[in-house]
Amino acid sequence: MLKLLYGTKFMSNRQIMSKFFIIILATVVLCQCSLQSTTVQNVAGGGGDHFLADEAKIEGSVPGYGDKELTISNLDSFEMPEVKLVFSTKTVEFNELPEEVRKTIQSYWKESLNYFLNDKINKPPTVQAGIDNFDKRTDYVVKVQRDIQKSSIEAPNGKRLISNSEALNILGFLSKTALAIVSKK
């Protein structure tokens, strides 16, 4: 089966897992992402029995971009969606996050738009080039996730580090939104 999916070239376990991850991520994106709604709530989870008692759900509002054309040269004109962490007793707005987190998230937004747009416009010349591009993207996402998790937030039970699932949910929301914008154009 792998030979059918990936050709005759041997693939490492990391490459296979990367492909599997992108297929799962793409499936989730296609099933859950919609720009018709102005508010997206509880994107990619948060809360529940297996999460921290004071873990936030991620909510976001997507600005109306209208029929604005998305190109590499005008990526900066696509405002980042509003992102906030919603706890059972309080909400942490984007501007209340530590400055380094805000900068990291804003940079991630621009990079996500750029990545998905380049992937749509400049198709990789070979399957291996696509795999390599995806591996670079995966490494970047993991780095950003770890950077976000190094920062503290004021949760209902006191100051603590941003959790793994909170960081992933923020990045997932932004990735889904960027992919939907690029797919729509």
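**View 1. The largest nonpolar core and its best-connected members.** Leu 85, Ile 105 and Leu 174 touch the most other members of this 36-residue core. Strand S3 (82-86), helix H3, helix H4 (127-149), strand S5 (152-155) and helix H5 (164-184) each give two or more residues to the core. A nonpolar core here is a set of buried Ala, Val, Leu, Ile, Met, Phe, Trp, Tyr and Cys residues joined through side-chain atoms within 4.5 Å. Helices (H or I, at least four residues) and strands (E, at least two) are DSSP runs, numbered from the N terminus. In soluble globular proteins, nonpolar side chains tend to be buried together.

This is a predicted model, in which local features need pLDDT of at least 70 and side-chain atom pairs count only at pLDDT 80 or more, while totals for chains, interfaces and linings use all residues. Residues are numbered from 1 along each chain as its sequence is written, and side-chain values use heavy atoms, with hydrogens and water left out.

**View 2. Ile 105 and the residues around it.** Ile 105 sits in helix H3 (residues 99-121). It counts as buried because its relative accessibility is 0%; buried means under 20% relative accessible area, exposed over 50% and partly exposed in between (1.4 Å probe, protein chains only). Leaving out neighbours up to four places away in sequence, Ile 105 touches Met 80, Phe 94, Leu 97, Ile 148, Ile 170 and Leu 174, where a contact means heavy atoms within 4.5 Å. Look also for Leu 171: it is 66 residues from Ile 105 in sequence, yet their C-alpha atoms are 7.8 Å apart.

**View 3. Helix H5, end to end.** H5 has 21 residues and spans 30 Å from first C-alpha to last, close to the expected 30 Å. That expected span is 1.5 Å times one less than the number of residues. The helix is mostly covered, with 16 of its 21 residues buried.

**View 4. Where to trust the model, and where to go easy.** The chain's mean pLDDT (the predictor's confidence in each residue, from 0 to 100) is 77, and 71% of its residues reach 70 or more. Among the elements, H4 has the highest mean, 95, and strand S1 (residues 39-41) the lowest, 37. Over residues 26-50, pLDDT stays under 50, and the model has 43 contacts beyond four places in sequence for this stretch. Residues 1-8 also stay under 50, with 5 such contacts. Where pLDDT is low, the predicted coordinates should not be read in detail.
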